[in-house]
Every structure is written in C-alpha cells, then in structure tokens.
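Reader: I'm in my first year and still learning to read these pictures. Could you pick one part and walk me through it slowly, then follow the trail from there?

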Amino acid sequence: MKFYITTPVYYANDVPHIGHSYTTLVSDVIARWKRLNGFDVFFLTGTDEHGAKIATVASGKNKTPQDLCDEMSARFKEMWKLLNISYTKFIRTTEQKHFISVERIVKILFEKDFIFKKKYEGLYCLECEKFYSQKDLDESGNCPFHKTSPVIQSEENYFFRLSSFQTELLERISDPNHKEYIEIQPEERRNEIIGKLKLGLEDISFSRTTVEWGIPLPFDSKQTVYVWVDALINYITGVGYITDEAKFQKYWPADMHLMAKDILWFHSIIWPAILMAVKLPLPKKIYSHGFFTINGDKMSKSLGNVISPSELVDKYGVDATRYLTVTLIPFGPDGDISWRELTSKYNTDLANNLGNLVSRTIKMIEKYFNSQLPQSTINLQLAKEVAVILKEDFADSIDNMQFHRAAEVLQNVITIVNKQIEIDSPWKLVKVDIEKLSSCTSSYLQAIGIVVMYLLPFMPTLSEKIWDMIGGVGNINEIAKKYFADMIIPENGFLVPQIKLNAMEILFPRIEK
Ligand code: MSP
C-alpha cells in the first residue's frame, strides 16, 4: 500500500521559521507513523523559487534570484536535517524536471483551450502572489493576511477558465460518495470552501508579462507562468510526472496535501481544476491547520517575534522540539505558543513523566539488582494494560490529526506506570520481597518497551536510545512494524529476559522557567 504526503513548497525568499517547521513536522510524524504501519510512503517537501516576491527580495539583497534560492533552499534543507525530517524528496521549482512538467501541463491546457488571453487590471498582493477583489480585502483595503496594501497591476495575460469547473468541483468536494471525492478538513474550512464555491468562480490569471523570474509559456515566451500554477505542479513533478512514468503511476494521486489555512483555496479549487482539465486523478485529502501566534501576536519580522526552529532545538533538543511543536496546540484552529508554555509542557510531559519513568526504573535495577535484572521474572501485566489503551486510542488520534490527543494518550499510560511504581513502592519491597520486586521492575520495563514504539514518530532518536537502555531486542523500527501489523506481544515481551544495563544519561534535564 502506498501513501503519498506533501507539505507546501515554501517560498525561498527567507529562512524557515516555526510555522514552516510545524507543517513539515506534522507531515513527518504522519509519514513515520504510516511507514511503521506498513505503508510505502513518499514524502515530498521543497521550495517555491519563482515569482515577483523572490525576484524583489533578491534584488534588494543585490543577489540574483537563483543565488538567493540556492542559499535559502540550502537553509531549508539544513533545518529539515536538524529536525530529522524523513522526506523522500526535496523538490526545488527551479529544477529542470519541474520545467518539463510545467511546460507539459501548460501546453495541454493551451491546446484544449483552457487558457485564453485578456487584458486585466487588478489589485495584487505581492506577499500572497495573488490578485484580490475589493470585497476580499479587509476594512482598510489591505490584504487580510499580510495587512499590506495591494498594488494595481495592469497587464495583458493568459487566463485559466476556472469558472467552467464550478459544478464539477462542487460535486467532488461535497459528495463523499463521488468516485473522485476530495476530502477537505477541518469541517469548518471545508464548509467555507463550499460556501465560497457556490458563489461562483472567476477565471484566474495564468501568466505574467512583468515577472521575468519564472517559467516562460511554451507558446508565448514574453510571458511567464503564474507562480502559483508553477508551484502547485510540484506535487506531480515530485513523483515523476513525465520523467518517471512508473513512479508517477505508483504514487499519484497524493493521499494527503498538508498546509495552513492561508493557501487552502489554491489547493482545494485551483489545483483540482488544473488536474481535471488535464485529466489527471485528484488528490484524496487536503488538510489545513491554523496559524501559530506568539504570545497572542502574529509572527512577523517587523514585530521581531519570529521564532526559529533551531532556537527550540538549542533549548529542548531535537526530539523534544519535534514532540512539543506537533503536540502543543490542537491541529486545525489557530494556536498561540509561548516559551513559557513550551517549557512547561517539556517539564511536565518529558522531564517529569517520561524521563522520570525511564530513569527511576533503570536506577532500581542498578541499585537493587546490581544492574542486572534476573531472567526468571518476566511480568507483562502492565505492558498488556498499556497496550490495550494505546491500541484503542493512539492510532485513532493520529488518523484524526489529533496529535495533541495522541500525546495525551501516551502521557496517560506513562502516568499509569508511574502510579503503579508508587503503589508497589519498590523501596519497601526491597526489604521484604525481592522476588516480587524483581517481577514489578520487569513489568515497568516491559511497559516502557510498548510506550517507546508509539513514541517513534515523534521522537525517533530518543525512542531508539531508550529502547537500547532498557534492553530492547533488535531494531526498534522493525520490531514496531511487526507489532503494529499483528498486535501480538511476544511471550517474553520485547526485552531480553536478562537485562544488563549501562549507566544512563539524563534524557530530559529539567528546564527552569
Ligand atoms: N509557496 C507557497 C506555497 C506553494 S504550495 C504549492 C507559500 N509558501 S510559504 O512559505 O508562505 O508557506 C506557507 C505555509 O507555511 C503555510 O501554508 C503553512 O504551512 C506554513 N506557515 C507559515 N507561517 C505559519 C504560521 N504562522 N503558522 C502555521 N503555519 C505557517 O505559501
């Protein structure tokens, strides 16, 4: 079974911030979870490198657009490496293969008469790279997203007959029984899209004469392809459209396009319309999330409150940054983040709950059993209890994009094990019943064994590390794959019966606020 997931291609005019890393990390968690569940995953991310915005920023920095894009796409790649993003391909819209694929699509559209020339004057937001009608601007006549004043653009351009797709789009977006159904989530945004679609569609500008930094139209080299059309096509280029037919047949259509609400319209209306026009299959799911605000404010350079993902990594480490970014706010609505809340969640979930469970269990074995738990005592009772809860609630949460809920489920089971330790009171047992103590200790370890398999999508490196510390047998990813396929806990659990532990480091040092 294949699973093709995408992030937006991010504009290569600036370095990545936590808004970008949020979408990418969510995609990575899903990609890793799907792989653990036996899917052949293709995970595409990359940079959007054409258009007026890139050209303007480059000239402001006295650089060529290509140099700016080379530099910025390298910064995105570095960031994804730091965050351990398991993408299959990083696409750049300036790469040759993408030119070939854009040219092909544009040619088909032209030949089928889906594009035509007309003179147009409109209000253009450079930040969004998009024309706005007066009614879509805010009360001050500014772009609703960037609060900047749009500029008047007047040109003779090619237009795409978007209006002719209204009925077909409406059927595909609103009828779950349609064979080409496109599932848009969350529900409120799907309803907004349907509502807007019902009001009718206008044809959209498809090319620009004033923007040189783009892909020239194959039938009119004075014009370049509108950057949004160019960018959306990355999703088929990335899986081999034209250049690798076998790969394309295997992975297209996308199973999930992920993005924030700002660009949902492009993905749910313009993209499917282009695909319908060229007779390619439509994406299955289009999921959008809200915006991060920082202490209540929009994140922006002018407010000086932009947070870089690497600042989080410096403070919390890579795996904790992954976990915190993805689970701090519910996926879907806008959410506010602050250092205070990040640190508080780090201390509660990771230092106090998970970190404490692992460290106290290992310390018990060091202290009471001279670092070696006896073979005779395998107790799977807690592991089984934990396994039932995780089986029922964790997958469900991830499948419903409720990552904060998945984290709650994990934290609940960790709390159950920590509470059991309090109830058993090993420090008392050691004086009266060493057999029971050994059996109890084994039960904590075996439970941790199950928990870390579920932690893998969020914390791939630390899960592996904990697995090794507690004496997990074999490669945790392989073991987890097998376990998620059959849901059978082996007779001896997942750990070697006779565990010899190495002295451990502190996984999550507490951070003072
Ligand atoms: N280049 C276009 C996308 C083309 S896709 C065919 C673009 N790029 S962007 O760099 O502006 O990235 C927008 C995306 O970045 C959002 O949809 C979202 O995924 C992410 N985010 C940017 N800022 C964000 C927040 N403040 N909060 C959450 N996500 C944000 O649009």
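Author: Let's start at His257. Leaving aside residues up to four places away in sequence, His257 touches Thr6, Tyr235, Trp252, His267, Trp271, Pro283, Lys285, Ile286 and Tyr287. Keep in mind that this is a predicted model, so every value here is computed from it.

Where does His257 sit? It is found in strand 12. Buried or exposed? His257 counts as buried, because its relative accessible area is 0% and the cut-off for buried is under 20%. One of the touching residues deserves a second look: the side chains of His257 and Thr6 make a polar contact, at 2.7 Å. For a sense of distance, try Gly240. His257 and Gly240 are 17 residues apart along the sequence, and their C-alpha atoms are 17 Å apart in space.

Trp252 was also among the residues touching His257, and there's something odd right there. The peptide bond running from Trp252 to Pro253 is cis, with omega near 10°. Pro253 itself is in the loop between helix 9 (245–251) and strand 12, so you can trace the chain from that loop into the strand that holds His257. There is another cis bond to look for: Gln185 and Pro186 are joined by one, with omega about -5°. Pro186 is in a loop as well, between strand 7 (183–185) and helix 6 (187–198).

Now use strand 12 to get to the ligand. Strand 12 (256–260) supplies at least two residues of the shell around the ligand, and so does each of strand 1 (2–11), helix 1 (18–36), helix 7 (227–232) and helix 8 (234–237). Which of these gives the largest share? That's strand 1, with four residues. The shell has 24 residues in total, and the ones that come nearest are Val9, Thr23, Asp48, Ala260 and Phe292. Sorted by class, 14 of the shell residues are nonpolar, eight are polar and two are charged.

Zoom in on the polar atoms around the ligand. Val9 has a backbone N or O atom 2.8 Å from a ligand nitrogen atom. At Tyr11, a backbone N or O atom lies 3.0 Å from an oxygen atom of the ligand. Thr23 uses its side chain: a polar atom there lies 2.6 Å from a ligand oxygen atom. And how much of the ligand is covered? Taken alone, the ligand exposes 680 Å², and the protein buries 92% of that.

Val9 also leads you to Gly46. Not counting residues up to four places away in sequence, Gly46 touches Thr7, Pro8, Val9, Tyr10, Phe90 and Ile91. Gly46 belongs to strand 2 (residues 40–48). Its relative accessibility is 0%, so Gly46 counts as buried. For a long view, find Ala485: it is 439 residues from Gly46 along the chain, and the two C-alpha atoms are separated by 32 Å.

Next, go back to helix 1, one of the elements that supply the shell, and look for Asp28, which is found in that helix. Asp28 is a charged residue by class, yet it counts as buried because its relative accessibility is 0%. Its side chain makes a polar contact with the side chain of Ser86, at 2.6 Å. Beyond residues up to four places away in sequence, Asp28 touches Phe43, Asn84, Ile85, Ser86 and Arg322.

Let's finish with some backbone angles. Lys147 isn't a glycine, but it has a positive phi of about 60°. You'll find Lys147 in the loop between strand 5 (130–132) and strand 6 (151–160). Ser371 isn't a glycine either, and its phi is positive too, about 70°. Ser371 is in the loop between helix 13 (339–369) and strand 17 (372–373). With a relative accessible area of 18%, Ser371 counts as buried, because the cut-off is under 20%.

There's a positive phi just after helix 15 as well, where Ser425 has a value of about 45°. That helix gives you a nice check to try yourself. Helix 15 has 22 residues (403–424), so at 1.5 Å a residue it should span 32 Å, and its end C-alpha atoms are indeed 32 Å apart, which agrees. If you try the sum, remember to multiply 1.5 Å by one less than the number of residues.

Definitions and conventions:
Residues are numbered from 1 along each chain as its sequence is written. This is a predicted model: local features need pLDDT of at least 70, side-chain atom pairs count only at pLDDT 80 or more; totals for chains, interfaces and linings use all residues. Side-chain values use heavy atoms; hydrogens and water are left out. A residue is near a molecule or strand if one of its heavy atoms lies within 4 Å of it. A polar contact is a pair of N or O atoms within 3.5 Å; within protein, one must be able to donate a hydrogen and the other to accept it, and residues adjacent in sequence count only if both atoms are side-chain atoms. Accessible areas come from the Shrake-Rupley method with a 1.4 Å probe; for residues, only the protein chains shown count as cover. Buried means under 20% relative accessible area, exposed over 50%, partly exposed in between (1.4 Å probe, protein chains only). Contact means heavy atoms within 4.5 Å.
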